[in-house]
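Visitor: Please take me through one part of this predicted model in close detail. I would like a strand, its partners and whatever packs with them.

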Amino acid sequence: MARRKGRVKDKWREKRWIKVIAPDSFNNIEIAYIPITSDEGTPGRVIEVTLFDILKGDPSQHNYKIYFQIDKVEEERATTIFKRFEYSKEFLRSLVRRGSSKISISVDAKTSDGYVFRIKMIVLTHRQLNTSRQHALRLLARDVINKIVPEMTVEQFVQATCYSKMNPDITTAFRKVIKARHVGLEKVKLIRTAEKETVLLKA
């Protein structure tokens with residue numbers, strides 16, 4: 001005797017679509033339209049876009065990836081926080097050339113309103129640099145970052161990161177040592193929010 005098949009549950013039809021909104025630093029524009037199963041299970045989900053998706057300007061903006069993390073869901077909208085910025089792998093490979101130095105600089109910095117970011121900077125030169133000059137560049141980069149980031153709010157810092165507003169200050173400082181071929185923030189990652197810091201202080 002053949003077994004009766006039960007009705008297969010269509011999980012896709014149970015989903016509903018919501019708009020994903022960028023944070024204040026990107027003027028709260030819509031960055032995605034996604035299906036969700038429940039409001040409770042959506043926070044923490046990460047949305048990847050490019051700078052071109054936001055600005056709709058120069059096609060080279062596809063080289064910069066931005067990640068937003070859903071913070072909360074309210075009716076048909078999900079708000080987000082900035083999570084990470086990074087160069088695309090293809091863009092990073094295109095920058096590296098033979099006969100030049102690639103210098104990586106990593107530093108943690110805190111904004112004026114208590115957000116902590118891990119900043120990874122990349123410096124590419126026209127020719128090979130010795131160890132002492134590379135060390136000098138690292139010190140200069142850290143000095144500039146530790147000076148300007150604490151004076152910024154998180155919104156100002158995110159804009160400075162994604163729109164390359166800090167690069168000229170660092171490039172100018174580097175001229176004391178060399179004229180760099182490329183200076184940029186290869187990756188910037190949020191490692192602690194102001195809310196988490198407040199909880200730690202209260203504990």
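**Strand S7 and its surroundings**

Guide: Start with a cross-strand pair. Arg 118 has Lys 189 in S8 as its bridge partner. That pair belongs to a longer ladder: S7 and strand S8 (residues 182-192) are joined by nine bridges. The two strands run antiparallel.

Now turn to the other partner. Strand S6 (residues 102-110) is also antiparallel to S7, and nine bridges join them. Here Ile 119 in S7 stands opposite Val 107. S6 and S7 form a hairpin with five residues between the strands. Within this hairpin, Gly 114 adopts a positive phi near 95 degrees.

S7 itself spans residues 116-124 and is mostly covered. Of its nine residues, seven are buried.

Next comes a helix that packs with these strands. S6 and S7 are among the elements covering the buried residues of H4, and helix H6 (167-174) is another. H4 covers residues 131-148, 18 in number. From first C-alpha to last, H4 reaches 26 Å, close to the 26 Å expected at 1.5 Å a residue.

Which residues of H4 are buried? They are Gln 134, Leu 137, Leu 140, Ala 141, Val 144, Ile 145 and Ile 148. Viewed down the axis of H4, its buried residues fall within an arc of 125 degrees, so they line one face of the helix. The general rule is simple: an α-helix has 3.6 residues a turn, so residues three or four places apart point the same way.

The face of H4 turned away from the buried side carries exposed residues. These are Thr 131, Ser 132, Asp 143 and Lys 147.

Terms used
Residues numbered from 1 in each chain as written. Predicted model: local features only at pLDDT ≥ 70, side-chain atom pairs only at ≥ 80, totals over all residues. Heavy atoms only, no water. Buried < 20%, exposed > 50% of the residue type's maximum accessible area, 1.4 Å probe, protein only. Helix = DSSP H or I, 4+ residues; strand = E, 2+ residues; numbered from the N terminus. Pairing = 2+ DSSP bridges. Expected span 1.5 Å × (residues − 1). Arc of directions from axis to C-beta. Contact = heavy atoms within 4.5 Å.
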